[in-house]
Amino acid sequence: MASPLKITVLGSGTSVGVPTLGCHCAVCTSTDPRDNRLRPSVLVSYQDHRVIVDTTPDFRTQALRARLERVDAVLYTHAHFDHIMGLDDVRPFNFRQKGRIPIYAAPDTMATIQRVFEYIFDGEQKESNVAQLDPRLIDGGPLDLFGLEFLPVPVLHGSRTIYGFRFGDAAYLTDHSAIPGSSLDLLRGLDVLFLDALRYKPHPTHSTVARSIETVERLAPRRAFFTHICHDLAHERAESMLPPHVRLAYDGMEILVEGGAP
């Protein structure tokens, strides 16, 4: 029998978060907690395992809110700052778990992570503790993480190819402006699909609400959730205009995936 698979939305916001610094628009001053959006990330929980997709600059706050007590692996979609800069905050999990934490990334993403966090990877003796990590490269093939397959799904982030991930009957795609046809074929038969939906207006590197609705109609998942949302979208109003099976993600949202994990 499959075990429960749960997705926790650690952050649903764009690269600068919502509220945006210095902004006094209706969304940035909203009293609806769903309009407060940290940088984009999810936690995937199954059996006794916890896998993080991206460590945002808000990772410490997100982990405290989720009462996260272990991290078994980290998957990276790409190397933009809003997806990697919380990496150092995995150190307390090293102390608790007494072991290295594997991190998975495409070669170009891993190279950036190792450059930005050179002090973690340079092999030199340190006077204080640094994160203990086991870097592993994504080559496009499926990853077996503790009995659950995570399948990298190539998407276009402007002119760059980055990764989303399918795991079981769920998929998480953030920061994409287009999904190649070969990747669409990897996203059939889903219970849960996360898609980038930055705003209503076109953007060179992100999907719009309208384009993501079209993707949902094409792939026909049972449920879809939009993420990486900027302050152009007020949660209540924007969600009221979506199809019934399409919702806006919000920070702290928990979703059980039908079918679960093996």
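Is C230 buried or exposed in this structure? Before I answer, please keep in mind that what we are looking at is a predicted model. In that model C230 is buried, with a relative accessible area of 9%. Its neighbour in kind, C23, counts as partly exposed, at 21% relative accessibility, and since the cut-off for buried is under 20%, we have to be careful with the wording for C23.

These cysteines bring us to disulfides, and a search of the whole structure finds zero of them. Why is there no bond between C23 and C25? The closest cysteine sulfur to that of C23 is the one in C25, and because the two are 3.6 Å apart, they are too far from each other for a bond, given that a disulfide needs the sulfur atoms within 2.5 Å. For C230 the closest cysteine sulfur is also in C25, at 8.8 Å, and that again is too far for a bond.

Let me turn now to helix α4, which runs over residues 107–116. Four of its residues, T109, M110, T112 and I113, are buried. Around the helix axis they cover an arc of only 160°, so they sit on the same side of α4. If you are wondering about the spacing, an α-helix has 3.6 residues a turn, so residues three or four places apart point the same way. What covers these buried residues of α4? The cover includes helix α2, at 81–84, strand β5, at 101–105, helix α5, at 118–121, and strand β6, at 133–137.

The helix also has residues that are not buried, and V116, which is in α4, is partly exposed, with a relative accessible area of 34%. Together with F81 and M85, V116 forms a nonpolar patch on the surface, and the accessible area of the three together is about 250 Å².

Another residue of α4, D108, is partly exposed at 42% relative accessible area, and it takes part in a salt bridge with R160, where the distance from N to O is 3.7 Å. This pair links distant parts of the chain, because R160 is in strand β9, residues 160–167, while D108 is in helix α4, and the two are 52 residues apart. R160 itself counts as partly exposed, at 30% relative accessibility. As a reminder of the principle, side chains of opposite charge can pair when their charged atoms come close.

How many salt bridges does a search of the whole structure find? The number is 16, and I will mention a few of them. R136 forms one with D134, and their closest N and O atoms are 2.8 Å apart; R136 is partly exposed at 37%, and D134 counts as partly exposed at 26%. D185 and R188 meet in a salt bridge at 3.6 Å, N to O, where D185 counts as exposed, at 53% relative accessibility, and R188 as partly exposed, at 37%. Beyond such pairs, salt bridges that share partners join D191, R222, R223 and E258 into one network.

Next, please find helix α3, residues 91–97, which holds N94. N94 is buried, with a relative accessible area of 5%. Which residues does N94 touch, if we leave out those up to four places away in sequence? They are G99, R100, I101, A131 and Q132.

Finally, I would like to go through some details of the backbone. The peptide bond from V18 to P19 is cis, with omega near 5°, and P19 is placed in the loop between β1, at 3–11, and β2, at 41–46. There is also F146, which has a positive phi of about 60° although it is not a glycine. F146 lies in the loop between β7, at 143–145, and β8, at 148–157, and it counts as partly exposed, at 33% relative accessibility. D175 likewise has a positive phi, of about 50°, although it is not a glycine, and it is found in the loop between β10, at 170–172, and α6, at 181–184. Is D175 buried or exposed? At 1% relative accessibility, D175 counts as buried, whereas F146, as I said, is partly exposed.

Terms used: Residues are numbered from 1 along each chain as its sequence is written. This is a predicted model: local features need pLDDT of at least 70, side-chain atom pairs count only at pLDDT 80 or more; totals for chains, interfaces and linings use all residues. Side-chain values use heavy atoms; hydrogens and water are left out. Buried means under 20% relative accessible area, exposed over 50%, partly exposed in between (1.4 Å probe, protein chains only). The arc is that of the directions from the helix axis to the C-beta atoms. Contact means heavy atoms within 4.5 Å. Patches are made of residues with over 30% relative accessible area and no salt bridge: like charges are joined within 9 Å, nonpolar side chains (Val, Leu, Ile, Met, Phe, Trp, Tyr) within 5 Å. Accessible areas come from the Shrake-Rupley method with a 1.4 Å probe; for residues, only the protein chains shown count as cover. A salt bridge is a side-chain nitrogen of Lys or Arg within 4 Å of a carboxyl oxygen of Asp or Glu.
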